[in-house]
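Reader: Hi! I'm in my first year and still learning how to look at protein models. Could you pick one part of this one and walk me through it closely?

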Amino acid sequence: MLRFSRFSTVLACRSVAVVGVCLALLPLGSVAQPDTPAQVRKLRAAPTQAATTLPHAAAARASAASPVPGLSIPFVDAHVHLNDVPMQLALMQRWGATHAVVFWGGRSSNDSVAEAARQHPGVLIPFASISPERTAYRPQWEDDSPALLKQLDELLATGLFKGIGEISAVHFPSSGFAETDFGVLGPMMTGIMDLARKYKVPVMLHVESTRIAELEQLLHRYADVPVIWAHGGYTPLFLARRMLERHPNLFYELSARTWPHHPRSPDYTLLRDGERVWPEWLQLIEAMSTRFLVGTDASHRSAASDEMKYASVQNLLAQLKPGAREQVASGTLLGLVGAGAVPRPSPTDAPAQ
């Protein structure tokens with residue numbers, strides 16, 4: 001069972017100004033959920049007013065906003081590029097994130113992520129990554145290097161890392177990020193999946209819809225390995241439903257899909273007006289709540305941007321029905337990395353028609 005660092009919690013609670021933060025640090029389920037419409041509207045007010053457009057005016061408003069004390073919905077952040085540990089911990093405390101899955105970003109490494117997790121056990125959940133967007137790793141992907149897979153094997157053998165990822169095997173180009181387009185069934189990806197099977201850990205995989213046929217083959221070949229689909233591949237609703245129906249080992253991660261606006265494409269967000277989630281998406285998420293999880297894609301490059309990302313998760317969760325809300329907020333992810341149990345769809349978990 002994941003536990004908070006007592007030292008970190010006591011330290012945070014020394015100031016009266018962060019009493020609301022301390023409530024967010026209580027164990028999952030200990031904070032009253034805003035189940036009534038009035039409470040939900042009250043909760044939604046702070047984050048949604050702070051994040052109606054991206055990146056400038058709304059992000060600045062998000063930086064100035066704060067969640068309603070005692071009503072922040074506790075959640076596990078499934079997607080953080082850990083470049084600044086103090087900044088990450090402050091974001092989590094402010095926005096109700098009880099745990100966070102962390103992996104390296106542009107200014108960090110597997111080693112620095114591991115050290116941060118040692119210092120904050122049970123709060124930061126480390127994943128090991130050998131993703132090809134890292135300059136040093138890309139040539140080894142191009143050469144199908146077994147040495148890189150050996151490096152990942154050694155990291156996982158320590159027992160510290162609770163998963164693999166984010167692995168950006170197929171990633172469209174973005175600002176400061178060169179496109180990657182490696183075979184999803186190639187030696188590197190199958191080697192990663194073999195290690196995930198060996199160590200019984202999930203893999204967070206970034207694969208765009210251009211390689212969805214190969215992704216389906218990979219999911220079928222490794223049906224016993226849970227795959228967290230980063231950003232859900234930015235798929236439209238019908239493809240999300242189809243993939244979840246066909247592959248019980250696939251889990252749809254919502255980071256960047258909750259933002260009011262996505263800088264790469266306006267159709268990447270699930271919001272119809274910068275605030276309200278499309279009802280069809282809410283219906284699918286609630287019907288298959290054991291297959292969805294939330295994340296921010298925080299990277300600590302901009303405080304205003306990361307505030308917007310956390311506010312957007314609170315906005316999504318506030319719109320879900322209470323039972324589905326708790327599952328999507330924390331249950332799915334903790335089932336994947338906690339006791340090693342992989343959540344499976346129940347007979348009542350059929351997708352909405």
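Author: Happy to! This is a predicted model, and a good place to begin is Phe292. Leaving aside neighbours within four places in sequence, Phe292 is in contact with Leu244, Tyr252, Leu254, Trp281, Leu284, Ile285, Gln327, Val328 and Thr332. Phe292 belongs to the largest nonpolar core, which has 81 residues, and it is listed with Trp141, Ile192 and Leu205 as having the most contacts inside that core. There is also a second, separate core of 14 residues, and Val101, Phe103, Leu333 and Leu336 are among its members. As background, nonpolar side chains in soluble globular proteins tend to be buried together.

Now look at the rings. Phe292 forms one aromatic cluster with Trp229, Tyr252 and Trp281. Two of these partners, Tyr252 and Trp281, also appear in the contact list of Phe292. Across the whole structure, a search finds six aromatic pairs. One that is easy to study is Trp141 with Phe182: the ring centres are 5.3 Å apart and the planes meet at 55°, so this pair counts as tilted. Trp141 sits in helix H7 (residues 138–142), while Phe182 is in the loop between strand E5 (180–181) and helix H9 (187–199), so the pair links parts of the chain that are 41 residues apart. Both of these residues are buried.

Next door in sequence to Phe292 is Arg291, and its charged end sits over the ring of Phe251, 5.8 Å from the centre of that ring. A similar arrangement involves Arg134, which lies over the face of Trp104 at 4.3 Å from the ring centre.

Let's step back along the chain to Ala287, in helix H12 (residues 279–287). Ala287 has 19% relative accessibility, and since buried means under 20%, it counts as buried. Its C-alpha atom is separated by 8.0 Å from that of Ala324, although the two residues are 37 apart along the chain.

Finally, have a look at the backbone in the loop between strand E8 (250–253) and H12, where you will find Ala256. Ala256 has a positive phi of about 70° although it is not a glycine, and at 0% relative accessibility it is buried. Tyr234 also has a positive phi, near 55°, without being a glycine. Tyr234 lies in the loop between strand E7 (227–229) and helix H11 (237–246), and it too is buried, with a relative accessible area of 10%.

Technical notes. Residues numbered from 1 in each chain as written. Predicted model: local features only at pLDDT ≥ 70, side-chain atom pairs only at ≥ 80, totals over all residues. Heavy atoms only, no water. Phe/Tyr/Trp six-rings, centres within 6.5 Å; stacked < 30°, edge-to-face > 60°. Helix = DSSP H or I, 4+ residues; strand = E, 2+ residues; numbered from the N terminus. Buried < 20%, exposed > 50% of the residue type's maximum accessible area, 1.4 Å probe, protein only. Lys NZ or Arg CZ within 6 Å of the ring centre and 35° of its normal. Core = buried A, V, L, I, M, F, W, Y, C linked by side-chain atoms within 4.5 Å. Contact = heavy atoms within 4.5 Å.
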